[in-house]
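Please open the model in a viewer and keep the selection tool at hand. The tour below proceeds from the whole chain to individual residues.

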Amino acid sequence: KANGAESEVLERELTKKDVVGWLRNTERKPWALCVPYDLDGEKRAMYPDILLLRSEGKRLVVDLIDPHAISLADAPAKAAGLAQFAALHADKFGRIELIMVDGTTSKRLDLVDELVRNRVRGIKSPTELRALFDSA
């Protein structure tokens, strides 16, 4: 089940004709997609919220979509972890997007894009993360 921010993003995604299904990536389930990240030198696990299944021609692709509240203390570390994951695995997914939902607006960072990904990997504070979203 999706929460408020996830629901808003998901509703928008489900209006697209190429979407054939989705999965709420539930934390700590044996089947869940887990992305490692570092927080103060300690390895942690994050679970991108939505795995979206789309058709591209005759093949199916999976998108990772992670609506994010950037006010949380671990948001920059999670964003950097997802960017690192994208650096290693972007070729296996259609899209890997970090989405900031702020009230009625949402902005997306495309982590498949190497330039965007490298900027996200250097983020250290919520202020820097917000500035990056604001410039998107």
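Begin with the entire chain of this predicted model and display its contacts. Among contacts with a separation of 6 or more, 55% join residues that are 24 or more positions apart.

**The whole chain**

Next, colour the chain by secondary structure. Four helices and seven strands will appear, and their order along the sequence reads α-β-β-β-β-β-α-β-β-α-α. The radius of gyration is 14 Å, close to the 14 Å given by the globule rule for 136 residues, so the chain is as compact as a globular protein of that length. Aligned along the principal axes, a box of roughly 40 × 35 × 30 Å holds the C-alpha atoms.

Now switch on the surface. The accessible surface amounts to about 7,700 Å², and carbon and sulfur atoms contribute 53% of that area. Of the 136 residues, 42% are buried. If the charged side chains are then coloured by sign, 22 positive and 22 negative ones can be found. The centres of these two sets are 3 Å apart.

**The largest nonpolar core**

Hide the surface and select Leu82, Ile96, Leu98, Leu111, Val120, Leu129 and Phe133. These residues touch the most other members of the largest nonpolar core, which has 25 residues. Which elements each supply at least two residues of this core? They are strand S2 (35-39), helix H2 (75-89), strand S6 (96-102) and helix H4 (126-134). Helix H2 provides the largest share, with seven residues.

Apart from this core lies another one, of eight residues. To locate this other core, select Ile50, Leu52, Ile65 and Ile99, which are among its members.

Return to the largest core and centre the view on Val120. Leaving aside residues up to four places away in sequence, Val120 touches Ala79, Ala80, Ala83, Leu109, Leu111 and Leu132.

**Arg117 in helix H3**

Select helix H3, residues 114-121, and find Arg117 within it. Is Arg117 buried or exposed? Its relative accessible area is 9%, and the cut-off for a buried residue is under 20%; Arg117 is therefore buried. Show the surroundings of this side chain: when residues up to four places away in sequence are not counted, Arg117 touches Ala83, Ala86, Ala87, Ala90, Leu111 and Val112. A distance may also be drawn from Arg117 to Leu82. The two residues are 35 residues apart along the chain, and their C-alpha atoms are separated by 8.8 Å.

**Two loop residues with positive phi**

Move to the loop between strand S1 (19-24) and S2, where Arg28 lies. Although Arg28 is not a glycine, its phi is positive, at about 60 degrees. Arg28 is exposed, with a relative accessible area of 64%.

Then follow the chain through S2 to the loop between S2 and strand S3 (42-46), and select Asp40 there. Asp40 also is not a glycine, and it has a positive phi of about 55 degrees. The relative accessible area of Asp40 is 79%, and this residue is exposed.

As a last step, draw a line from Asp40 to Val101. Along the chain they are 61 residues apart, and 25 Å separates their C-alpha atoms.

Conventions: Residues numbered from 1 in each chain as written. Predicted model: local features only at pLDDT ≥ 70, side-chain atom pairs only at ≥ 80, totals over all residues. Heavy atoms only, no water. Rg over C-alpha atoms; globule rule 2.2 N^0.38 Å. Buried < 20%, exposed > 50% of the residue type's maximum accessible area, 1.4 Å probe, protein only. Contact = heavy atoms within 4.5 Å. Areas by Shrake-Rupley, 256 points an atom, 1.4 Å probe, with all protein chains shown as cover. Lys, Arg positive; Asp, Glu negative; His and termini not counted. Charge placed at Lys NZ, Arg CZ, Asp CG, Glu CD. Core = buried A, V, L, I, M, F, W, Y, C linked by side-chain atoms within 4.5 Å.
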